[in-house]
Amino acid sequence: MTRSPNKDVLFGLYDDETKILSAVTQARAAHLDIYDVFTPFPVHGMEDAMGFTESRIHQAGFVYGLIGTLTAFLGMTWVFTSDWPIIFGGKPYWSVPAFIPVTFELTVLFASIGMVVTFYTICGMGPGILNPTLHDRITDDKFCLAFDVTDVSDDEKAKFKAFLETSGAEEIDQKHL
Amino acid sequence: MNQFTFEAKQKTFLLGFMILGVLCLVLSYFVDSEPMHVRFWSNYLHNTVFFTGIAGISMFILAAFTTAWAGWHTGMKRVWEAFSLFLLPGILLFIPIIIGMWGHWHHLYHWADPHAVAADPILKGKSGFLNPVWYTFGTLIIVGTWYYFAFKNRQLSVAEDADGQGVADNYWHHRKMRIYAAIFLPIFGFTSAAVIWQWVMSVDAHWYSTLFAWYSGASWFISAMAVTILMMIYLKGRGYFENVTDNHLHDLGKFLFAITIFWTYMWFSQYMLIWYANVGEETIYFRHRLDNYRPLFFGNLIINFVLPFFILLRNDNKRKYGTMAIAAILTLFGHWLDFFLMIKPGTRLTALEAAAEHAGGHGAEAAEAGHKFVSFAAGFTMPGLLELGIFLGFLAGFVYFVFKQLEKAALVPSNDPYLDETMHHSVWPYPEDGHGAHDAHH
């Protein structure tokens, strides 16, 4: 399955991480709306240049963890006190210390799997999903700055193009995703 | 300000608390509901172990960071160097306990009484390790060795300030420090366990736990981090350490948080295995504490796990001076209380048994009687005001010594190869200079 955002994207390719970092900074200073930036490896300082704020995924993680805690603890409580009570080593049915390792494990499991699934969903990734690429060399040695030009006036588009030209892009192209 | 000045006002303040500590210690010799002056001796042992441990762990922190090629902490490493030098007063503090053991002035350790050992097959079996000779030389040689490394590390670090030439001399000071650190780590790893068994675990002479050294070592680590946080907040407030920003505080907070969870993991692992196996001679340790020290037993978990866990969970909280100060005070006191609970019940039982024996009771019967319900006693069931005074006295002594050491060298290690890294340390998404929204009121 190919995931299509149905967008016209104008993009420029740069051959160096320092060039794209300064291009992104300039674009934000000029109030140009960046669609996205694609690089073959994580570029140090890019989060700040793109103006990202802290992700809230850990807040989701806390909630998932809490669900895991409750699932494990309440689940074991139900099983060992009313559903199928068994005496283990002379301990009471409701043996809290024995529940803690399982509770801990399920907390971690729920939090980690929940966060991975959330992250994949937000990023539109997953098994069998193909994301269209703008250019093959983005995964090799080129750094890409992309603008969304769907339903954008020609004036605006010319502005984006002029910016890419002046900021040092060595190749400029447009593609429908 | 790169040079610390130990002001007369601070000296007077700290000396005042030290005198209070000594007064409380002397008073606890006379005000004691239990026999054998055990309140005095256990208080002395408790605080000596606690602060010597903080010093040892500070050297461990420095050695571990140096070996890991860490650079974020470089701006504040002088504080840990000063802490680690407290190992020398630590050795001196142990000398009265050692002399007292040879002179039979105290009954802190059941195994130090030759009559008890002769009549007791378990103590006899352990006497190869639990005996006054081992205790004496173990303490002096092991802590002495730690101090040697702390001293060498400090010496090289200060020498680097004066004649380190960076690339020109191939950073030889730092390379040498790295070698000392790498040698120190395994030595500390094994010997810290040995002294913890001798000093703390053996107060319950019949009992043992293979996890004990990890558990009390984690307790020391958190205490050392808490003292560091308080020290940094105080010194920054006085205008020192401008280069230590919210980002560094954030990382100290992460350590406090992480080791708090590690401590809880150790505490629970020790508890659960003993609870599950339910072997009488192991379970007695927790049975006794649950029966007679219940508020401390559960209070320990609340102060040292539940509260710091939720206080330190959020990123932003680890960057707020007030919140961090509260978390540090809470955990410092909490782990002092943790050591209190490790040491007090055992020493009290030993004293009660020894007193019963002296009164003519049969050893085994006395031991039997000792494990039953013991009544409330200030300084044992709960720390009394005297214990708090002694704690503050020791803390003041520790801080006094640390300030003395800080005065002797520049606060910023100007030729350290990692200085640049510590200056630009940042925790994303917060800015490098640390002047976030929360810095406005400082």
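**Figure 1. Chain A has five helices and four strands.** Keep in mind that this is a predicted model. If you trace chain A along its sequence, you meet those pieces in the order β-α-β-α-α-α-β-α-β. So what does the whole chain look like from end to end? For its 177 residues the globule rule gives 16 Å, but the radius of gyration of chain A is 25 Å, well over that value, so chain A is more spread out than a compact globule. You can also picture a box drawn along the principal axes: the C-alpha atoms of chain A fill roughly 80 × 35 × 30 Å.

**Figure 2. Chain A is divided into two parts, domain 1 and domain 2.** Domain 1 is built from two stretches, 8–54 and 135–176, while domain 2 covers 57–123. How many Å apart are the C-alpha centres of the two domains of chain A? They lie 44 Å from each other.

**Figure 3. A look inside chain A.** Of the 177 residues in chain A, 18% are buried. Now think about which residues touch: take the contacts in chain A with a separation of 6 or more, and 80% of them join residues 24 or more positions apart.

**Figure 4. Here chain B meets chain A.** On the chain B side, eight residues take part, and they are in contact with seven residues of chain A. What sort of residues does chain B bring along, nonpolar, polar or charged? On the side that touches chain A, chain B has seven nonpolar residues, one polar residue and no charged ones.

Definitions and conventions
Residues numbered from 1 in each chain as written. Chains lettered and ligands numbered in written order. Predicted model: local features only at pLDDT ≥ 70, side-chain atom pairs only at ≥ 80, totals over all residues. Contact = placed C-beta atoms within 7 Å. Nonpolar A, V, L, I, M, F, W, Y, C, P; charged D, E, K, R; others polar. Domains from an automatic or database assignment. Helix = DSSP H or I, 4+ residues; strand = E, 2+ residues; numbered from the N terminus. Rg over C-alpha atoms; globule rule 2.2 N^0.38 Å. Buried ≥ 20, exposed ≤ 12 C-beta atoms within 10 Å, placed from the backbone.
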